[in-house]
Amino acid sequence: MTAGIRTRDLGIDFGGGVGLHDVDLEVPARGVHALIGPNGAGKTTLFSILTGLVPPGRGTVILGGRIAYCPDTPEHEPWLTAAEVVAQSRALCGLPRDATSDRTVLARCGLVEVADRRVGSWSRGMTQRLGIAATIATGADVLVLDEPTSALDPFGQAEVLRLVRELGDERCLVLSSHSLAAVERVADTVSILHRGRLLWQGTLPALLADGLSATWIVRVAGVAGVAGMNDVNDAADLGVLEERLRARPGVVVARRGPAELTVTYADAATGTRRLASDLAAAAVPVVSATPEAGDLDSAFVALVTAHDRRTEEIPT
Ligand SMILES: Nc1ncnc2c1ncn2[C@@H]1O[C@H](COP(=O)(O)OP(=O)(O)OP(=O)(O)O)[C@@H](O)[C@H]1O
């Protein structure tokens, strides 16, 4: 796998243990990579070192090509038009003038209709998209976007995430975000930074599998269209399902609500293997079976909490 970014033993000390410690990051040359971490984890510091804005205290950074960075709150000269901002970005990288390409970049970011408007009074969402346009215009192989969806409304977020996904299909795109739902939608690979240390890195499916619990929430179907009867039928179906699942070996079943059971296995891998066949054998209509913890939020919280517990246990 060619790397877009590779760091070895990267570190910086701000004093009192704050900074970055032994960061060995590996980001593929193509795809969307999300760097996530609690506030103060060191994400912006790491981006600043990767992009050469801050020299590291120690370690190395190897890049697969030119890198461009868009800060979380991009600022543009207010008297410039959007087209001029993009042209300026291209010129600062020593690239020749190319008004057609500038328009294409603005069109990709949904800004072509306002290309000739001065950007001084633009909304946060438009300013953010213009920052991304200026970043794309550099033609860099590695794009780093610091919290590109923060402070955007749901429409703005969807638009930026669509663009992020598109760009990641062409080159190496790294973003940081506190919106784990957004990360789950667009990222191919993820790294988790906490207190300046890289706790985890790998593909999103691997991270989700790591965080998967051994418990599933199973909801049964009622009899649709029978007024006032749904609860009664749900209860009846639930009772039958409960009894039949209990008869299966190694399954722990508990009631969760009027139409829901929790079904727990010895471990997540056993559950993944057996849940579908156990439900089929029970032969009761089921609406859904959802892992109790199987999303990025729970995987993230589990990793960070486990790390904190371990470090608290180490005597000082
Ligand atoms: N130049 C500096 N001098 C001293 N401390 C610094 C410096 N830059 C960052 N820090 C500290 O390093 C830690 C990491 O900060 P950083 O901004 O990189 O975190 P972050 O993960 O981007 O946080 P957030 O999600 O809140 O933006 C913080 O405790 C911050 O106060």
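Two strands pair if DSSP finds at least two bridges between them. Helices (H or I, at least four residues) and strands (E, at least two) are DSSP runs, numbered from the N terminus. The views below show a predicted model, in which local features need pLDDT of at least 70, side-chain atom pairs count only at pLDDT 80 or more, and totals for chains, interfaces and linings use all residues. Residues are numbered from 1 along each chain as its sequence is written.

**View 1. Two assigned domains make up the overview.** The domain assignment, which is automatic or comes from a database, gives domain 1 (3–204) and domain 2 (215–291). Between the C-alpha centres of domain 1 and domain 2 there are 44 Å. In an unreviewed entry, UniProt lists residues 5–220 as "domain: ABC transporter"; its positions follow the numbering used here, feature names are shortened, and annotations may be inferred rather than shown by experiment. Helix accounts for 33% and strand for 30% of the chain over residues 5–220, whose end C-alpha atoms are 47 Å apart.

**View 2. Here we look at the residues around the ligand.** The shell consists of Phe14, Val18, Gly37, Asn39, Gly40, Ala41, Gly42, Lys43, Thr44 and Thr45, where a residue counts as near if its C-beta atom, placed from the backbone, lies within 6 Å. Which helix gives the largest share of this shell? Helix H1 (residues 43–50) does, with three residues. By type, the shell holds three nonpolar residues, six polar and one charged. Here Ala, Val, Leu, Ile, Met, Phe, Trp, Tyr, Cys and Pro count as nonpolar, Asp, Glu, Lys and Arg as charged, and the others, Gly among them, as polar.

**View 3. Strand E6 is covered on both faces.** In E6 (residues 67–70), Ile67 and Tyr69 on one side and Ala68 and Cys70 on the other are all buried. Buried means that 20 or more other C-beta atoms lie within 10 Å of a residue's own, exposed means 12 or fewer, and partly exposed is in between, with C-beta atoms placed from the backbone. In a regular strand the side chains alternate between the two faces of the sheet. Four bridges pair E6 with strand E7 (residues 142–146) in the parallel sense, and Ala68 stands opposite Leu143 in E7.

**View 4. Four strands form an open sheet.** Their order is E12-E13-E11-E14, with antiparallel pairing. Strands E12 (252–257) and E14 (286–291) stand at the edges with a single partner strand each, so one side of each has no neighbour in the sheet. From one strand to the next the twist averages 25°, taken between lines fitted to C-alpha atoms (for helices, over the stretch in contact), with angles from 0 to 180 degrees between N-to-C directions. Strand E11 (residues 215–220) runs antiparallel to E14, joined by five bridges, and Trp216 stands opposite Pro291 in E14. A hairpin leads from E12 to E13 through two residues. E12 and E13 (residues 260–264) also pair over five bridges in the antiparallel sense, with Arg255 opposite Leu261 in E13.

**View 5. Two alanines sit in two helices.** Is Ala137, in helix H4 (residues 124–137), buried or exposed? Ala137 is buried, because 26 other C-beta atoms lie within 10 Å. Its C-alpha is 5.6 Å from that of Arg90, though the two are 47 residues apart in sequence. Ala269 belongs to helix H9 (residues 268–282) and is exposed, because it has 12 other C-beta atoms within 10 Å. The C-alpha atoms of Ala269 and Ala209 are separated by 8.9 Å, with their places 60 residues apart along the chain.
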